[in-house]
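User: I'm new to this and would like a close look at one part of this model: the empty space inside it and the aromatic rings. Could you walk me through that?

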Amino acid sequence: DMAMYFAKKHGKNQYKIFDDDIAEDIYFRKKLSEKLKLAITNERFHLNFMPIYQCGTRNIVRAEILLRTRDPAFHGIGPDVYIPIAEEFNLIHDIDMWVIETSFKIINDNKGWLNQSPITFYINISAIELRHAKFVEKLNELLVQYKIPAHCIELEITETSLVVANEKSISTLKEIRALGVQLALDDFGTGYTAFNQLIHYPVNCLKIDKSFIDDLSVDNETQIIMLNAILSIAKAYKLDTVAEGIETQEQLTFMQT
């Protein structure tokens, strides 16, 4: 069974014989899941706020909330590794709700200056939440409890999670939008969503994956064509766009124009 799942995880259409590599992978994921349980119980996680700038004015208009830990048990292990394992071992819902509630607490504690300089907060959620029966109800309870204006919150879901979205997932997205919470499609361009499918997803924003920005230069004609296509799609659907990982003046100048 484990060999079969290992083969599926690494691209399908292949076979795999159970060996030491699979045994080590199983052991690593099991041990990490135990560390995750302890980190949740002992509150070893914290949140970082990454600013998002408006291209023209360079004012901070949004902030993405990132889950991090300084727990030595996770040394050298980032969210790209432990979040999929949290999903696999049914720990992700507790993590998602901790992130949402802790974010709301911090926003509520800083309402003074946020009222003067309002910004939107991006919070990543797992695609698993789209199938969770009580997720929207709990989200609404927390919005009311911490007196958070729903329009100040934008939940991020990855494009790859929508590739296999079913009617329940789409219904949950619509319920979230009905609360007044906004939705962003993260890592856009990596999940092979058919462009005409966007009409079925009640999203407000497309986040262009950093891989497109990293390779952006005047000499990379293919990349420029791809970015222009994404921006045209966003404009056609009246969606905001966020470009992840702008680090050079050339990249900034392209996105400004």
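**The cavity and the rings**

Analyst: The largest cavity in this predicted model has a volume of about 50 Å³. If you search the whole structure for cavities of 30 Å³ or more, you find one. Its lining is made up of Ala39, Ile40, Glu43, Phe45, Asp94, Ile95 and Trp98. Two elements, α2 (20-41) and α4 (92-109), each give two or more residues to that lining. Of the elements, α4 gives the most, with three residues. Sort the lining by chemistry and you get five nonpolar residues, no polar ones and two charged ones.

Now for the rings. Phe45 and Trp98 from the cavity lining turn up again in one aromatic cluster, together with Phe74 and Tyr82. Phe74 and Tyr82 are both buried.

Let's widen the view: the whole structure holds five aromatic pairs. One of them is Phe49 with Phe121, an edge-to-face pair with 6.1 Å from centre to centre and 90 degrees between the planes. This pair ties together distant parts of the chain, since Phe49 sits in strand β1 (residues 45-53) and Phe121 in strand β3 (residues 120-124), 72 residues apart. Phe49 is partly exposed, at 33% relative accessible area, whereas Phe121 has 5% relative accessibility, so Phe121 counts as buried. Back in the cluster, the ring centres of Phe74 and Tyr82 are 5.5 Å apart and their planes are at 75 degrees, so this pair is edge-to-face too.

Methods
Residues are numbered from 1 along each chain as its sequence is written. This is a predicted model: local features need pLDDT of at least 70, side-chain atom pairs count only at pLDDT 80 or more; totals for chains, interfaces and linings use all residues. Side-chain values use heavy atoms; hydrogens and water are left out. Rings of Phe, Tyr and Trp (its six-membered ring) pair if their centres lie within 6.5 Å; planes under 30 degrees apart count as stacked, over 60 as edge-to-face and the rest as tilted. Helices (H or I, at least four residues) and strands (E, at least two) are DSSP runs, numbered from the N terminus. Buried means under 20% relative accessible area, exposed over 50%, partly exposed in between (1.4 Å probe, protein chains only). On a 1 Å grid over the protein atoms alone, a cavity is a set of points where a 1.4 Å probe fits but cannot get out, and a pocket is an open set with protein on both sides within 12 Å along at least five of seven lines; lining residues have an atom within 4 Å of a point. Grid points are joined across faces, edges and corners, and a volume is the space filled by probe spheres set on the points. Ala, Val, Leu, Ile, Met, Phe, Trp, Tyr, Cys and Pro count as nonpolar, Asp, Glu, Lys and Arg as charged, and the others, Gly among them, as polar.
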